[in-house]
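Me: I have a structure open and want to learn how to read its charged side chains. Where do we start?

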Amino acid sequence: MPTKNALITGITGQDGAYLAKFLLEKGYAVYGTYRRLSTPNFWRLQYLNIFEQVVLIPADLVDAGSMVEAVKISEPDEIYHLAAQSFVGASFEQPIGTGEITGLGVTRILEAIRQINPAIKFYQASTSELYGNGHSSSLTENSPFQPSSPYAAAKLYGYWLTKMYRESYKFFACNGILFNHESPLRGLEFVTRKISNAVAKISLGLEKELHLGNLEAKRDWGYAPEYVESMWRMLKEKEPDDYVIATNEAHKVGEFVEKAFDSLGLDWQEYVEVDKRFFRPQDVNFLQGDYSKAKRKLAWRPRVKFDKLVERMVKEDLERWARWQKGERFPWDAPNYPNESNILTRTLKV
Ligand code: NAP
Ligand code: GDD
């Protein structure tokens, strides 16, 4: 018999799928919201072999009533609010939609909790993007926020609402300020997976080149399955609080590229083109997180660091494409992803 109920918004995403697996292993009954799409999008849950073990509830963050329903149906002890328009680049194309989903969506779920059961513990997926530009040293829970994209501004709103409900209504509500975390389940539009997927295809002769934007930006990249564990640990504490989750190492996008090609014995300079289409109107040039508080209070620390992460992602994409070449078909996103040269947007205009 499951001991507790957990509701995960955004269970179809990278973190949602890994967190669902983690909580199932801890004995939780896991409920997850998904939004109606014209084509089903459960590949990560299938890939992790947990699709049959979770209960799915249709709900959209722009529809307050559907979020209320999700909370009523699942009767959760804990809610992990991960759903969001999570791609920074797209937030420049869809700033209003991003505000509705990533910003106001948080209020909709907090209000559902307030009306149904204020004792539900709440995790908000906050982000290192809150810090924005202008930093050059490792960031803590006390470093100033200066959002540099519509996504970051929407997340800042969600961050403050979470704090505000904690202070005003005594909610057990935590902000996890997570720095970039990646995995073989990462969406293909994010730079790490775009690179690992392209490197795998190039090495198998399925693609010839890779077009990228800003290679100078530095990010603190960790491993997603480890990061979802920190969410659960935050809700286990006696008091609700906010925590930075990071590796405390920053690497350039260019280093990720070099390492990824190198891992398959390829010289990146023969394949990579810097392309203006992939530059953002404003980028965050440096993000590195100091996770001392999480280490001290949650006994959490990262294990998979940069080199291992790059190798793991490239290896997995290589194995997938090799299986695909042999005719094997299994749930996986890459074969259905459009070549980005087909995509035309304000920021990707040729
Ligand atoms: P992701 O893979 O993009 O997943 C986002 C999830 O949100 C998906 O399940 C998506 O559903 C769902 N969603 C999007 N719009 C929705 C809407 N209108 N209504 C309901 N659901 C909606 O993101 P992730 O990497 O797992 O990240 C999880 C959360 O952590 C996000 O809030 C993200 O902003 C935040 N975060 C991520 C990182 C990181 O490095 N990964 C770092 C800090 C914070 P579909 O599958 O239908 O699209
Ligand atoms: N996506 C993408 N595509 N990024 C590129 C490219 C490209 O072709 N070329 C260079 N970059 C640079 C971006 O300009 C950015 O500086 C960096 O690579 C990382 O971009 P993303 O992988 O898209 O991630 P992000 O850092 O913008 O946002 C991710 O991390 C945040 C936490 O800091 C997302 O997961 C957010 O949801 C999350 O909050």
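Reply: Start with a network. Arg193, Glu316, Asp317, Arg320 and Asp333 are linked by salt bridges. Keep in mind that this is a predicted model.

Me: What is the general idea behind such links?

Reply: Side chains of opposite charge can pair when their charged atoms come close. The cut-off used here is a Lys or Arg side-chain nitrogen within 4 Å of a carboxyl oxygen of Asp or Glu.

Me: How many salt bridges does that rule give?

Reply: The count comes to 26.

Me: Which partner does glutamate 25 have, and where does the pair lie?

Reply: The partner is lysine 21, with the closest N and O atoms 3.3 Å apart. Both residues sit in helix H1 (residues 14-25). They are four residues apart, about one turn of the helix. Glutamate 25 counts as exposed, at 60% relative accessibility. Lysine 21 is partly exposed, at 29%.

Me: Which parts of the chain does the salt bridge of aspartate 307 link?

Reply: Aspartate 307 pairs with lysine 259, and their closest N and O atoms are 4.0 Å apart. This pair links distant parts of the chain: aspartate 307 is in helix H11 and lysine 259 in helix H9, 48 residues apart. Aspartate 307 is partly exposed, with a relative accessible area of 42%. Lysine 259 is also partly exposed, at 24%.

Me: Arginine 219 and aspartate 283 form a salt bridge too. Are these two residues buried or exposed?

Reply: Both are buried. The closest N and O atoms of arginine 219 and aspartate 283 are 3.6 Å apart. Arginine 219 lies in strand E9 (residues 218-219) and aspartate 283 in the loop between E13 and helix H10 (292-298), so the pair ties together parts 64 residues apart in sequence.

Me: Now glutamate 340. Why does it count as buried?

Reply: Buried means under 20% relative accessible area. Glutamate 340 counts as buried because its relative accessibility is 14%. It lies in the segment after helix H11 (306-325). Its side chain makes a polar contact of 2.6 Å with that of lysine 194.

Me: Which residues form the negative surface patch?

Reply: Glu255, Glu258, Asp262, Asp267 and Glu270 form it. Take glutamate 270 as a case. This residue is in the loop between helix H9 (253-263) and strand E13 (272-274). It counts as exposed, at 58% relative accessibility.

Me: One uncharged case, please. Is threonine 98 buried or exposed?

Reply: Threonine 98 is buried, at 0% relative accessibility. It is found in helix H5 (residues 95-116). Alanine 154 is 56 residues from threonine 98 in sequence, yet the C-alpha atoms are 6.9 Å apart.

Note on methods. Residues are numbered from 1 along each chain as its sequence is written. Chains are lettered from A and ligands numbered from 1 in the order in which they are written. This is a predicted model: local features need pLDDT of at least 70, side-chain atom pairs count only at pLDDT 80 or more; totals for chains, interfaces and linings use all residues. Side-chain values use heavy atoms; hydrogens and water are left out. Patches are made of residues with over 30% relative accessible area and no salt bridge: like charges are joined within 9 Å, nonpolar side chains (Val, Leu, Ile, Met, Phe, Trp, Tyr) within 5 Å. Accessible areas come from the Shrake-Rupley method with a 1.4 Å probe; for residues, only the protein chains shown count as cover. Lys and Arg count as positive and Asp and Glu as negative; His and the chain ends are not counted. The place of a charge is taken as NZ of Lys, CZ of Arg, CG of Asp or CD of Glu. Helices (H or I, at least four residues) and strands (E, at least two) are DSSP runs, numbered from the N terminus. Buried means under 20% relative accessible area, exposed over 50%, partly exposed in between (1.4 Å probe, protein chains only). A polar contact is a pair of N or O atoms within 3.5 Å; within protein, one must be able to donate a hydrogen and the other to accept it, and residues adjacent in sequence count only if both atoms are side-chain atoms.
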